[in-house]
Protein chains: 4
Amino acid sequence: MKEKRTARRQEYKDRQRQEIMDEALELFSARGYHQVSMQDIAQSAEFAVGTLYKFFKNKEELYRAIILDLSEKFGSALGQALGQGVDEYERLISYLKIGGEIFMANTQAVSLYFVETRGARFNLRAGLDEEVLSRYDQILERLSKVFAAGIKNGIFRSLDPDYLARSLDSLASTFLFAWLDDPQKYPYEKSLRMMDEIFFHNILVADYVKS
Amino acid sequence: MKEKRTARRQEYKDRQRQEIMDEALELFSARGYHQVSMQDIAQSAEFAVGTLYKFFKNKEELYRAIILDLSEKFGSALGQALGQGVDEYERLISYLKIGGEIFMANTQAVSLYFVETRGARFNLRAGLDEEVLSRYDQILERLSKVFAAGIKNGIFRSLDPDYLARSLDSLASTFLFAWLDDPQKYPYEKSLRMMDEIFFHNILVADYVKS
Amino acid sequence: MKEKRTARRQEYKDRQRQEIMDEALELFSARGYHQVSMQDIAQSAEFAVGTLYKFFKNKEELYRAIILDLSEKFGSALGQALGQGVDEYERLISYLKIGGEIFMANTQAVSLYFVETRGARFNLRAGLDEEVLSRYDQILERLSKVFAAGIKNGIFRSLDPDYLARSLDSLASTFLFAWLDDPQKYPYEKSLRMMDEIFFHNILVADYVKS
Amino acid sequence: MKEKRTARRQEYKDRQRQEIMDEALELFSARGYHQVSMQDIAQSAEFAVGTLYKFFKNKEELYRAIILDLSEKFGSALGQALGQGVDEYERLISYLKIGGEIFMANTQAVSLYFVETRGARFNLRAGLDEEVLSRYDQILERLSKVFAAGIKNGIFRSLDPDYLARSLDSLASTFLFAWLDDPQKYPYEKSLRMMDEIFFHNILVADYVKS
DNA sequence: TATGAATGAGAATTCATTCAT
DNA sequence: TATGAATGAATTCTCATTCAT
C-alpha cells in the first residue's frame, strides 16, 4: 500500500517534470536557449522558479533533458521504422516515411533537435551533446547496417554502406527543411519520389522489383 | 600626400578591424555567441573594449559583420567555381572541389557559417541572417541553373534541377562534416568518388564521356 | 484569510518601495541624478541592485516616481491649505503658512521638487516632468482663482489675478530659499510679515479689516 | 616686437577659447550637462578633443568657465544698470529693463545661468558654483543698497532693504520665466507695469512723483 | 602645438540560483 | 514540499581623459 502511494507520487512527479519540459521546449524552440529565462519557463509551466530547480539542477540540465528526450523519442521511432518492411529497400522507405511524419508533426521540437545534432556538433554547448550525438550516430549505424544487409542480399549495389547511410539521411533532412521553409514548393511526397529517382534508382540493382 | 596618409590610415584601420573579426571568429566558433563577452574579444585581440565599439556599433553588429564576411567570401568562391569547366558536369565537380578546399581550410569559420545557413533558418537570431540566407539561396539558385543547363545540353537526366541542386549540396556538406568529425575515416577524395558513384552515376546520361 | 496575507504582503511591499524611494530621494537631492548610481541607492537602502529593479523598471522610473510622489503630496497639501479661512486673504495666509511648513519640514525633498518645477521647465529631462509641471500649474491656477474671488468680493484691488498668483508664489519661495540658505537671517515668521507689508498691504483694499 | 607677437597669439587663443565656450554653451543649454559629451563639443567647435583639454582641465572646468562667464556678463550689465537714473526708483526700473533685455536676448544662456543660481544652490554639482553664487549675492547686495539709499532719501517706505531686493528680483525673474513659457501671454512690458502696481505702488512714498 | 585613436573605469540592467517561510 | 522574493555576479556599452605622432 505504501508502495502504491509512492508509485502514484512518482507518477505525479513525472507528469510535472514532463509539463515543465514541454513548456520549456516550446519556449526554447521559439526563441532560443539564451532568450528564454527560467522565470519565463516557470511562468509558462505555472510553477514557481524554485520548483524547476527541484526537477533540474540548473537551466543547462533542463535543456539537456529536453534534447535527450527528443533524441530518445526520435531515435526509437526511427529505429522501429527501420524494422518494418519485407526487404531492405522497404525498410529504408519506412524510415523515410516515418521520419518525415515525425519531422512534420514536431517541427518545433525537431528544429531544436537538429540544431543540436547538426550545428551543435562543432559549436554551441559542446559537451552537452555527447549523448545526443552518440544516439544520432547509432541511427546512422543502424541505417548503415540495413544498407550492408541489402548489399549482401543482392538488392543494393556494392557501395560503402556508411556513405550510403549518410547520403540518404542527408537527402531526407535537406528535403524536410526545404519543406519547412516552403511546404507548398517542397511537399514531402514529391521529396520521396525524388529520393527514389536520385538515390534509389541508382542504388538498387537493375533487376530489383518494387512490391 | 595628404591622400596617401589617409589611405595608409584607412588601410591600418582595415587591418585592425580584420584582426578584431578574426579573433572574434575564433572565439565565437569555439564557444558560441553568448559564451563570448566583449571583454573576451577585446582581450584576445589585444584592444580595449572601447576600441571594439569604434569599429562595431555593438556585439550583434560585430557578429553580423563576421558572418556576412564569411558568406561573401564563400559565396563568391563557390560562384566562381561554378564557372569553371567545359561542361556542366565539370562545373559541378569544380564546385565540389573548391567548396571542399574552402571548407577544409576554414573549418572554424565554416562551422559558424553553417550554423547560420542551416540552423539559423529556423531559430536563432532570425532576421540577423536575412542577408546570409539570401546569399546561400543564390548559390543554390546558381547550382540549380547549372543542372538545368546540363539537362538542356543532354548530359543530365531530366529531373527537377532545384532538387538536384539541393541534393548535391546536401551530400557535399554532409561528407565534409563527416570529414570534420573524423578526417581519417572520411577523406574528401573518397567523398568525391562516392558522390560520383551515388549521385552523378545516376544523373549523367548513359553515353556521357568524362574528359 | 488568504486575502489578509495578500494584503499584508502588499503592505510590506509598499513599505519596501517607500524605503527605496526615501533613500534615493536623499541621495538624489544631495548629489543629483547623475551622480547617484543604482549601486549607491541599493547600498543605502540595504537592498541588492536587482531588488530595485523589482520595484522600478529603471533608474529614470525611480526618479520619476519620487518626483511624482512629491508633487502629489505638496500639491494636495497646498490645495487643501487654500480651502482654509473665512475669506480669500485668510486662504492665502493659510497657503503661505502651510506651504512654509511643508517646505521647512522637507527641505531635501523640496529641493528636488523645485529643481523640477523651476529649472526643469527649460532644460533637464524635458518630458519627464510634464505631469509635475501640470500639477504646479494647477496650483497657480487655484491661487489665481482665489485672487479673482477676492477681487470680486471686494477685498483685493482689481489687478490681474494670474500675475498676483505668480507674484505671491514667487515671493514665498524666494523667502523660503533664503531661509534654507541662512535660517537665522531669514526666519519664516519674518518673511510672512514682510509679505504682508510688501505684498498684501498693497493688494488688500484700504478698508479691509484683518480678523 | 616679440611682445606683439605674443599678444597676437594670446588674442588668437582667447578667441579659440571663446569659440569652444560658445559652442559648449549652446549644447549644454539645449541638452544638459550630462547629455553632452566632450566629443560632441569638439565636433561642434571644430576642434580635436585633445585641444579642448589644452584650454580646460576637464569637462567640469569648461562648464564652470561658461557659467562664470555668464555670471560675469550678466552681473556687470546689471551692476551698470543699477547706476543709471536720477534717483533710486529710476535705477531699479533701469535694472528691470536692462535685466529683461539681457534675459530675452540670451534665453538659452540664461536658462543655464538660472539653473545654477537658483536650483543649483542645493543640488547639482554643489561646490562648483560657489563663485557664481557669490556673484549673484553681490547683485542682491547692490540692489539692497539701492533700496537702502532710497529709504534714506525718503522716496521708499522704510522696509528691510534685503527683503525688498529679493522681492523685486524674484518678481522680475518669475515674470521673465513666464514670458519664456508663453511670450504672448506674458509680454515683458506688461510685467513691468504689473511690478509697478504690485510692488512699487506700495514701496514708493505717497508723494513720490515719477519723472 | 594640435590631433584623435585608444583606453578602461564605471554605469545600468539582467537573470540564474538560493533559501527563508 | 513548494514558493517566489531577494541576491549579486556578469554583461554590454559609454565617454572623460590621455598620449604618441
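The residues of the surface near DNA strand E divide into 13 nonpolar, 11 polar and 4 charged. Please keep in mind, as you look around, that this is a predicted model.

In total, 28 residues surround DNA strand E. The closest are A:Met38, B:Gln16, B:Thr51, C:Lys59 and D:Thr51. On the DNA side, sugar and phosphate account for 61% of the atoms of DNA strand E that come within 4 Å of the protein.

Some of these approaches can be followed atom by atom. The table lists polar contacts to phosphate oxygens of DNA strand E.

| Residue | Partner atom in the residue | Distance to a phosphate oxygen of DNA strand E |
|---|---|---|
| B:Thr51 | N or O atom in the side chain | 2.7 Å |
| C:Lys59 | N or O atom in the side chain | 2.8 Å |
| C:Met38 | polar backbone atom | 3.0 Å |

So much for single atoms; now for the elements that carry the surface. Those that give two or more residues to the surface near DNA strand E include, in chain A, helix H2 (38-45) and helix H3 (49-55). Chain B adds helix H1 (2-31) and helix H3 (49-55), while chains C and D each add their helix H3 (49-55). Which helix gives the most to this surface? That is H3(D), with 4 residues.

Let us turn to where chain A meets chain B. The contact takes 41 residues from chain A and 41 residues from chain B. The size of an interface is often given as the accessible area lost when the parts come together. By that yardstick, chain A and chain B bury about 3,600 Å² between them, with 59% of this area on carbon and sulfur atoms.

Polar and charged partners also take part. Between chain A and chain B there are 4 salt bridges. In one of them, the side chains of A:Asp160 and B:Lys190 meet at 2.7 Å, N to O. Across the interface of chain A and chain B, 23 residue pairs are in polar contact, both residues being at pLDDT 80 or more.

Which elements build the chain A side of this contact, with two or more residues from each? They are helix H1 (2-31), helix H6 (107-117), helix H8 (161-181) and helix H9 (188-203) of chain A. The largest share comes from H8(A), which supplies 13 residues to the side of chain A that touches chain B. By residue type, that side divides into 19 nonpolar, 13 polar and 9 charged.

Terms used:
Residues numbered from 1 in each chain as written. Chains lettered and ligands numbered in written order. Predicted model: local features only at pLDDT ≥ 70, side-chain atom pairs only at ≥ 80, totals over all residues. Heavy atoms only, no water. Near = heavy atom within 4 Å. Polar contact = N/O pair within 3.5 Å; in protein donor to acceptor, adjacent residues only side chain to side chain. Nonpolar A, V, L, I, M, F, W, Y, C, P; charged D, E, K, R; others polar. Contact = heavy atoms within 4.5 Å. Buried area = accessible area lost by both parts, 1.4 Å probe.
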